[in-house]
Amino acid sequence: MNRREIIWQLSQYGYTKEKLESMPMSDLAKLFKQTSKERITKYMNTLRADKETEIIPGEDTNNIERELELVYHAISVEEINFAILYDAIEKILEKYDLNEAIELVLSQSSDKQYKQMTQITEVAYRSFQEILLDRIEKLCEFYPAEERFEQLKFYGDRREDINFLRESIANMSAQNNQERLSKIALLKYDIIRDYYPDSMYENYEQFYENEEEKNEIIERIMSLTKAYTRPVLKAKKFQVLSHIERVLIEDRDREKEEKALIKQYTKKLGDVILSEDELAFAMMLKEALGVLDERDVTRIIGNFDISSNPILLQRFNAIMRDNRRTNK
């Protein structure tokens, strides 16, 4: 670092340019080192004080009995009230982890709702993770962009541990910690930027590279679907884009699998219809309903004229009625 750069750096921290210009290079270098040491020491002391701060638990205001009652009323009607159900589950997740939340929800549901309620709770859990991460992002809103990115990645990588996320939020929110932690983040960033500028990329590499990664995932999404425009995708968070891509890939793979099964059972059912074997037809129809939607099976049968065979037609209608009753 040359004389001009040192003078500029020191002028940012209270020293007048006139005084600095009058100092020999050796004194400037000594003052620069002393100032750097003082700022780094202040930073480390602040970090140490932060680490020693106790997390003050907030008062537990979660009335679990009320939420369970809401769950019961939301799912005991003919048409599930999803708005009330998801809201109640999210409030349960404010206190309990995923497995506990599933057990609590299932305690209010019937046996035939077991799979559906488990899936709904898991979906609510994923949504709740994003709610917690959004709260953390809000608490980091005054951090420098690079530091904010690092913090959000740190907590995003731990999204599965919602107890950790909840405790972190409580700690960051307690006793003006948000302002203090923002100052720590700013101080760290200033030290790296001012005294170790060559280390900026090394310390914030993922931040600087993230735009490229985001563009890559946007290209992959647009190759999978035409449902989004580039500006719309650009406005979304990277985690949301990752989720969109994963869902699209799963849908594509599921669609391929379904097409293969439809082709397979079109041939199998066509063969038994041609043989006019009532028992074989019934067995194959039940097998098809075990792996395909009723709609797909109906479409397959629609490709063949079974109206000319009253026995097969009667057997088809009976099996479809039984399948609907079973899946209610």
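**Entry 1. Terms and basis**

I began with handedness: a crossing is left-handed if the near helix is turned anticlockwise from the far one by less than a right angle, and right-handed if clockwise. I noted that the model is predicted, that local features need pLDDT of at least 70 and side-chain atom pairs pLDDT 80 or more, while totals for chains, interfaces and linings use all residues. Residues are numbered from 1 along each chain as its sequence is written, and side-chain values use heavy atoms, with hydrogens and water left out.

**Entry 2. The chain as a whole**

I looked up the secondary structure and found 17 helices and zero strands in the protein chain. Helices (H or I, at least four residues) and strands (E, at least two) are DSSP runs, numbered from the N terminus. I then looked up burial: 35% of the 328 residues of the protein chain count as buried. Buried means under 20% relative accessible area, exposed over 50%, and partly exposed in between (1.4 Å probe, protein chains only). For contacts, meaning heavy atoms within 4.5 Å, I took those between residues at least 6 apart in sequence; 60% of them join residues at least 24 apart.

**Entry 3. Helix 4 against helix 5**

I looked up how helix 4 (residues 64-75) packs with helix 5, and found an angle of about 155° with the axes 9 Å apart. Axes are lines fitted to C-alpha atoms, for helices over the stretch in contact, and angles run from 0 to 180 degrees between N-to-C directions. The angle makes helix 4 roughly antiparallel to helix 5. For such labels, angles under 35 degrees count as roughly parallel, over 145 as roughly antiparallel, 65 to 115 as roughly perpendicular and the rest as oblique. I recorded the crossing of helix 4 and helix 5 as left-handed.

From helix 4, the residues Ile-64, Glu-67, Leu-68, Leu-70, Val-71, Ala-74 and Ile-75 meet Ile-84, Leu-85, Ala-88, Lys-91 and Ile-92 of helix 5. I sorted the residues of this contact into 10 nonpolar, no polar and two charged. Ala, Val, Leu, Ile, Met, Phe, Trp, Tyr, Cys and Pro count as nonpolar, Asp, Glu, Lys and Arg as charged, and the others, Gly among them, as polar.

**Entry 4. Helix 5 against helix 6**

I turned to helix 5 and helix 6, which pack at an angle of about 135° with their axes 10 Å apart. The two helices are therefore oblique to each other, and their crossing is right-handed. Ile-89, Ile-92 and Leu-93 in helix 5 touch Leu-98, Ala-101, Leu-104 and Val-105 in helix 6. I counted seven nonpolar, no polar and no charged residues in this contact.

**Entry 5. Helix 6 against helix 7**

I next looked up helix 6 (residues 98-106) and helix 7 (residues 114-139), whose axes lie 9 Å apart at an angle of about 140°. That angle makes helix 6 oblique to helix 7, and helix 6 passes helix 7 in a right-handed crossing. On the helix 6 side I listed Leu-98, Ala-101, Ile-102, Val-105 and Leu-106; on the helix 7 side, Tyr-114, Met-117, Thr-118, Thr-121, Glu-122 and Tyr-125. The residues of this contact divide into eight nonpolar, two polar and one charged.

**Entry 6. Salt bridges**

I recalled that side chains of opposite charge can pair when their charged atoms come close. I found 21 salt bridges in the structure, each a side-chain nitrogen of Lys or Arg within 4 Å of a carboxyl oxygen of Asp or Glu.

In helix 5 (residues 82-93), Lys-91 and Asp-87 lie four residues apart, about one turn of the helix. Lys-91 forms a salt bridge with Asp-87, with the closest N and O atoms 2.9 Å apart. Lys-91 is partly exposed at 31%, and Asp-87 is partly exposed at 36%.

I also looked up Lys-267 and Asp-271, whose side chains meet in a salt bridge (3.2 Å, N to O). They are four residues apart in helix 14 (residues 238-275), separated by about one helical turn. Lys-267 is exposed at 58% relative accessibility, whereas Asp-271 is partly exposed at 41%.

A further salt bridge joins Asp-296 and Arg-295 (3.9 Å, N to O). I noted that Asp-296 is buried, with a relative accessible area of 8%.

**Entry 7. Leu-313**

I closed with Leu-313, which lies in helix 17 (residues 310-326) and is partly exposed at 31% relative accessibility. Leaving out residues up to four places away in sequence, Leu-313 touches Ile-306 and Ser-307. The C-alpha atoms of Leu-313 and Glu-278 are separated by 9.7 Å, with their positions 35 residues apart along the chain.
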